[in-house]
Amino acid sequence: MTMQTVVYPGSFDPCTNGHLDIIARAAKMADKVIVAVLINSSKTPLFTAEERVALLQKAVADFDNVEVRSFSGLLVDFMKEVGATVIVKGIRAVSDFEYEFQMALTNNALYPDIETLFIPSNKDYMFLSSSIVKEVAKYGGSLQGLVPEKLIPVINKRLNP
Ligand code: PNS
């Protein structure tokens, strides 16, 4: 049995191979995956929402059941708008769990039909985060293996011109 539409929300500033791994695995389980890029993050993003969407679109171009969109406001309102009730999140370590659990319970309190599906990260990407990618690129380190190959020039151009 496959699920219908699932939503994978995040800041994706920028997307990493860890995000791509979660997207690929969700795309196997669901008919459709909507990657939802948060516009109004409390953190100040390096890439604009349009740029983050464009990077993701480039990265998921080979998947025919993955769509990239942006949203602002509450995630539950976006879920209602797209008619989805399952949120997918990746968990790298126990340290991720506390905040993710809090968000899952909040979303469920706001919209009881919502279920959050936690996917354990691939062990190869446990250390990886958007912040780590930015740090490495800023000081001229190689992004090989950290982000999709075709995004490397775009990310480097911004962080280490
Ligand atoms: O990649 P991130 O920064 O961990 O993603 C966090 C995200 C976008 C999933 C979360 O901040 C979010 O859903 N924000 C939208 C606002 C919202 O719905 N808040 C209530 C749930 S905590």
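**Notebook: helices, sheet and pocket**

I looked up what covers the buried residues of H2 and found that the cover includes H1, E2, E3 and H6. The model I am reading is predicted. The buried residues in H2 are Ala49, Arg52, Val53, Leu55, Leu56 and Ala59. Viewed down the axis of H2, they fall within an arc of 160°, so they line one face of the helix.

**Entry on H6.** I then examined helix H6, residues 152-159, where Ile152, Ile155 and Leu159 are buried. Their arc around the axis is only 75°, which puts them on the same side of H6. I noted that these buried residues pack against helix H5 (130-138). On the face turned away from the buried side, I found the exposed residues Pro153 and Lys157.

**Entry on the sheet.** I traced an open sheet of 5 strands in the order E3-E2-E1-E4-E5, with parallel pairing. Its edge strands are E3 (66-71) and E5 (115-120), each of which pairs on one side only. On average, and with direction ignored, neighbouring strands of this sheet are turned by 30° against each other. Helix H2 (residues 49-59) packs on the sheet, where it touches strand E2 (30-38) and E3. I recorded about 150° between the direction of H2 and that of E2. Helix H3 (residues 75-82) also packs on the sheet and touches E1, E2, E3 and E4. The direction of H3 makes about 130° with that of E3.

I looked separately at the pairing of strand E1 (residues 3-10) with strand E4 (residues 86-91), which is parallel and runs over 2 bridges. Which residue of E4 is the bridge partner of valine 7? I found isoleucine 87 in that place.

**Entry on the loop between E1 and H1.** I checked the backbone of this loop, in which phenylalanine 12 is found and proline 14 lies. Most residues other than glycine have a negative phi, and most peptide bonds are trans. Phenylalanine 12 has a positive phi of about 50°, although it is not a glycine. Is phenylalanine 12 buried or exposed? Its relative accessible area is 2%, and since the limit for buried is under 20%, I entered phenylalanine 12 as buried. Aspartate 13 and proline 14 are joined by a cis peptide bond, with omega about 0°.

**Entry on asparagine 17.** I located asparagine 17 in helix H1. Asparagine 17 counts as buried, at 14% relative accessibility. Setting aside neighbours within four places in sequence, I listed the contacts of asparagine 17 as Tyr125, Leu128, Gly145, Leu146, Val147 and Pro148. I also looked up the separation of asparagine 17 from aspartate 124, which is 107 residues apart from it along the chain. Their C-alpha atoms are separated by 9.6 Å.

**Entry on the largest pocket.** I read about 1300 Å³ of space in the largest pocket. Its lining has 44 residues, and those closest to the centre are Gly10, Ser11, Lys43, Lys89 and Met103. I asked which elements supply at least two residues each to this lining. They are E1, helix H1 (17-29), H3, E4, helix H4 (94-110) and H5. Which of them gives the most to the lining of the largest pocket? I noted H4, with 8 residues.

Note on methods: Residues are numbered from 1 along each chain as its sequence is written. This is a predicted model: local features need pLDDT of at least 70, side-chain atom pairs count only at pLDDT 80 or more; totals for chains, interfaces and linings use all residues. Side-chain values use heavy atoms; hydrogens and water are left out. Two strands pair if DSSP finds at least two bridges between them. Helices (H or I, at least four residues) and strands (E, at least two) are DSSP runs, numbered from the N terminus. Axes are lines fitted to C-alpha atoms, for helices over the stretch in contact, and angles run from 0 to 180 degrees between N-to-C directions. Contact means heavy atoms within 4.5 Å. Buried means under 20% relative accessible area, exposed over 50%, partly exposed in between (1.4 Å probe, protein chains only). The arc is that of the directions from the helix axis to the C-beta atoms. On a 1 Å grid over the protein atoms alone, a cavity is a set of points where a 1.4 Å probe fits but cannot get out, and a pocket is an open set with protein on both sides within 12 Å along at least five of seven lines; lining residues have an atom within 4 Å of a point. Grid points are joined across faces, edges and corners, and a volume is the space filled by probe spheres set on the points.
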